[in-house]
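User: Please explain the terms applied to this structure, setting each value against its definition.

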Amino acid sequence: MPAALAARFAPPPRPAPEPAAAPVAAADRPRIEDVLREHGPMLARIAGSYEAEPARRDDLLQEITLAVWKALPAWRGDASLRTFTARVAHNRAIDHLARERKALGEELDEAHPDPGPGPVHHAEAQQRRAGLVAAVRRLPLGQRQVVVLALEGFALKEIGQALGLEENTVAQRLSRARRQLNDWLGEGA
């Protein structure tokens with residue numbers, strides 16, 4: 001192959017990695033109370049995407065909260081606090097699942113309980129959400145992670161930063177997950 005033609009099809013050179021930023025100064029570091037006030041609902045939803053049983057979900061949320069508190073001094077500000085917090089949460093949840101599976105030697109319960117009685121439209125909406133959560137829980141771990149963050153409103157780039165993935169990989173996993181969820185839940189999902 002001529003050199004000019006080979007150069008035309010060669011991948012672009014990768015930029016040199018940026019030097020790691022220094023951790024955020026202690027005076028500028030957010031307090032855990034502020035982080036939980038702002039991102040607590042997201043952390044609860046992430047925990048819920050890994051655990052269906054309320055007691056286990058609460059335990060996982062406590063583990064995640066502790067992990068975020070311990071990780072805050074390491075936050076360098078190179079990603080948003082929201083992205084950093086989501087990454088810590090997913091990493092802790094993966095560790096939690098691995099421990100649970102090893103200890104129990106069985107698959108986790110995939111049922112998601114209905115929160116209680118209410119108007120018919122509320123019950124139907126809750127059933128659709130429960131079906132979606134159960135379906136998301138059935139996805140392979142890599143697809144589940146990107147779907148949960150996408151449902152939280154993260155952009156592809158932010159998801160990649162949170163999970164340590166290339167943006168293209170995130171898009172591929174999200175596309176596969178959407179196809180699988182549509183198969184399980186129907187095209188209107």
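User: Why is Glu53 called partly exposed?

Analyst: Glu53 has a relative accessibility of 36%. Buried means under 20% relative accessible area, exposed over 50%, and partly exposed in between (1.4 Å probe, protein chains only). The value for Glu53 is therefore in the partly exposed class. This is a predicted model, in which local features need pLDDT of at least 70 and side-chain atom pairs count only at pLDDT 80 or more, while totals for chains, interfaces and linings use all residues. Residues are numbered from 1 along each chain as its sequence is written, and side-chain values use heavy atoms, with hydrogens and water left out.

User: What makes the pairing of Arg56 and Glu53 a salt bridge?

Analyst: A salt bridge is a side-chain nitrogen of Lys or Arg within 4 Å of a carboxyl oxygen of Asp or Glu. The N to O distance between the side chains of Arg56 and Glu53 is 4.0 Å, so the pair meets that criterion. Arg56, at 23% relative accessibility, is partly exposed.

User: Which other salt bridges can be described, and how many does the structure hold?

Analyst: The structure holds nine salt bridges. One of them joins the side chains of Glu33 and Arg31, at 3.6 Å from N to O. Glu33 is partly exposed at 44%, and Arg31 is partly exposed at 48%. Arg31 and Glu33 also belong to a network of salt bridges with Asp34 and Arg37. Another salt bridge links Arg92 to Asp95, with the closest N and O atoms 4.0 Å apart.

User: Where do Arg92 and Asp95 lie, and why are they called partly exposed?

Analyst: Both are in helix α4 (residues 81-104), three residues apart, or about one turn of the helix. Helices (H or I, at least four residues) and strands (E, at least two) are DSSP runs, numbered from the N terminus. Arg92 has a relative accessible area of 27% and Asp95 one of 38%, so both values fall between the cut-offs for buried and exposed. The C-alpha atom of Arg92 is separated by 9.6 Å from that of Leu66, 26 residues apart along the chain. Leu66 is found in helix α3 (residues 54-71) and is partly exposed, at 42%.

User: How do you know that Glu152 is buried?

Analyst: Its relative accessibility is 15%, which is under the 20% limit, so Glu152 counts as buried. Glu152 lies in the loop between α6 (141-151) and α7 (156-163). Leaving aside neighbours within four places in sequence, Glu152 is in contact (heavy atoms within 4.5 Å) with Met42, Arg45 and Arg82. Over the protein chain, buried residues make up 31% of the 189 residues.

User: Why are α7 and α8 called roughly perpendicular?

Analyst: α7 and helix α8 (residues 167-185) pack at an angle of about 105 degrees, with their axes 8 Å apart. Angles under 35 degrees count as roughly parallel, over 145 as roughly antiparallel, 65 to 115 as roughly perpendicular and the rest as oblique. The angle of about 105 degrees is therefore in the roughly perpendicular range. Axes are lines fitted to C-alpha atoms, for helices over the stretch in contact, and angles run from 0 to 180 degrees between N-to-C directions. The contact is made by Leu156, Lys157, Ile159 and Gly160 of α7 and Glu167, Val170, Ala171 and Leu174 of α8.
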